[in-house]
Amino acid sequence: MRVAVCAATYRRPEGLGRLLNAMAALELPGEFQVEACAVIVDNSCGGEARARVEAFQPRLAWPLHYVSEPRRGITFARNAALEKATALNCDFVAFVDDDEVPAPDWLTALLVAQRRSGAAAVLGAVHPVYPEGTPGWLIAGRFFETHRYADGAEVDDAHTANVLIDLRRLADLGLRFDHRYALTGGEDTMLFRDLLDAGERIVYAAGAVVYETVPASRTRLGWLLRRWYRTGNIEAALFLRGRRRGSWRRPANLLRGLLRVGAGGVLFLANLAVLGFGRKHRIVRPLYTLCRGCGILTSTLGWNYSEYREVHGG
């Protein structure tokens, strides 16, 4: 079994340094044979990560490959990682982000879960690491925590922040990340939905943990509102490309968006009236529904938020 640990990077030298150090500490499973390599895709037009990656190569026990992908956008970088892993004759790719640090047994947990389940993809857990001075309401609201499931449970969604993918099944299905979402994000949601629609399975590995460093620029209400708005954009796109397509889907999407805006607004005002400003995380939570509804409405009308034009944690 051959696996490539892949990460896209864009002007995050400190984060990339932490990730490379964590890669050097990764353990491989002892119960079956695994050949591992690492692929770092630099999405900057100037090849800014090359020197750091090449200098680190002697410190890694397995091959470390640098790939330059100057076309701006997360889909270009992640597809470049898939292409490199394919050229290296890998069976699986394990995606992690350049602002994350995987636990030493992370890769082992993903591979063991895949071997037991035979699933096309295995999703792991992402635990946030907050910077000093993070507002207490933001931590109490658990807004940066991903949903957790029972170990081995089948799930209906996944993301590339922590996932193992069967590369050969992707190739058989002709699946790649959709460049229409290069700067908006949501490309991973689309790919995994296509994987599920093709009859494949995604399982959860509770022991496959990565730690995401939350930059200070994201510990603000404004960033949360924009992220929630963007998730509405993606939800709208998913609905419009559903299996039973038809002209009815667009007005239905508008109705869904309006209902969410209304429900979120009413809950926000009700919480504000009852709780005042004493529990800010409770006040803020209904804004998720409101912002997501706004995102559904604008995406249905043809406008989407390009979240990845801005770099956080650089």
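# Working through an eight-stranded sheet

Eight strands make up an open sheet here, in the order β3-β2-β1-β4-β7-β6-β8-β5 and with mixed pairing. The model is a predicted one, where local features need pLDDT of at least 70 and side-chain atom pairs count only at pLDDT 80 or more, while totals for chains, interfaces and linings use all residues. Residues are numbered from 1 along each chain as its sequence is written, and side-chain values use heavy atoms, with hydrogens and water left out.

## Exercise 1: the sheet

Task: find which strands stand at the edges of the sheet, and work out the average twist.

Step 1. Get the terms straight. Strands (E, at least two residues) and helices (H or I, at least four) are DSSP runs numbered from the N terminus, and two strands pair if DSSP finds at least two bridges between them.

Step 2. Look for strands with a single partner. These are β3 (64-68) and β5 (100-102), so each has one side left without a neighbour in the sheet.

Step 3. Now the twist: it averages 25° from one strand to the next. Angles run from 0 to 180 degrees between N-to-C directions, and axes are lines fitted to C-alpha atoms, for helices over the stretch in contact.

## Exercise 2: β1 and its neighbours

Task: describe how β1 pairs with β2 and with β4, and say which hand the β1-α1-β2 crossover has.

Step 1. Start with β2 (residues 35-42): it runs parallel to β1, and eight bridges join the two. For a landmark, take R2, whose bridge partner in β2 is E35.

Step 2. Follow the chain from β1 through helix α1 (residues 13-24) to β2, and you get a right-handed β-α-β crossover. Right-handed means that, with the strands pointing away from the viewer, the path from the first strand over the helix to the second runs clockwise.

Step 3. Turn to β4 (residues 92-96), which pairs with β1 in the parallel sense over four bridges. Here C6 has F95 as its bridge partner in β4.

Step 4. Check how covered β1 (residues 2-9) is: seven of its eight residues are buried. Buried means under 20% relative accessible area, exposed over 50%, and partly exposed in between (1.4 Å probe, protein chains only).

Step 5. Step across β4 to see the mixed pairing: β4 and β7 pair in the antiparallel sense over five bridges, with A94 opposite L164 in β7.

## Exercise 3: helices on the sheet

Task: list the strands that α1 and α4 meet, and give one angle for each helix.

Step 1. α1 packs on the sheet and touches β1, β2, β3, β4, β5 and β8 (202-213), with its direction at about 5° to that of β5. Contact means heavy atoms within 4.5 Å.

Step 2. α4 (residues 106-117) lies across β1, β4, β5, β6, β7 and β8, and runs at about 170° to β8.

## Exercise 4: aromatic rings

Task: characterise the ring pairs Y130 with F144 and F143 with W228.

Step 1. Apply the rule: rings of Phe, Tyr and Trp (its six-membered ring) pair if their centres lie within 6.5 Å, and planes under 30 degrees apart count as stacked, over 60 as edge-to-face and the rest as tilted. The count comes to 10 aromatic pairs.

Step 2. Y130 and F144 are edge-to-face, at 6.1 Å centre to centre and 80° between the planes. Y130 sits in the loop between β6 (121-129) and α5 (136-140), and F144 in the loop between α5 and β7 (162-166), 14 residues apart. Y130 is partly exposed at 21% relative accessible area, while F144 is buried at 10%.

Step 3. F143 and W228 are edge-to-face too, at 5.5 Å and 65°. F143 belongs to the loop between α5 and β7 and W228 to helix α8 (residues 221-240), 85 residues apart. F143 is buried at 15%, and W228 is buried at 7%.

Step 4. Zoom out, and ring pairs link W137, F143, W228 and Y288 into a cluster.

## Exercise 5: positive phi

Task: locate R11 and N89, and give the phi of each.

Step 1. Recall the background: most residues other than glycine have a negative phi.

Step 2. R11 has a positive phi of about 55°. You'll find R11 in the loop between β1 and α1, partly exposed at 40% relative accessibility.

Step 3. N89 has a phi near 60°. N89 is in the loop between α3 (74-87) and β4, and counts as partly exposed at 47%.
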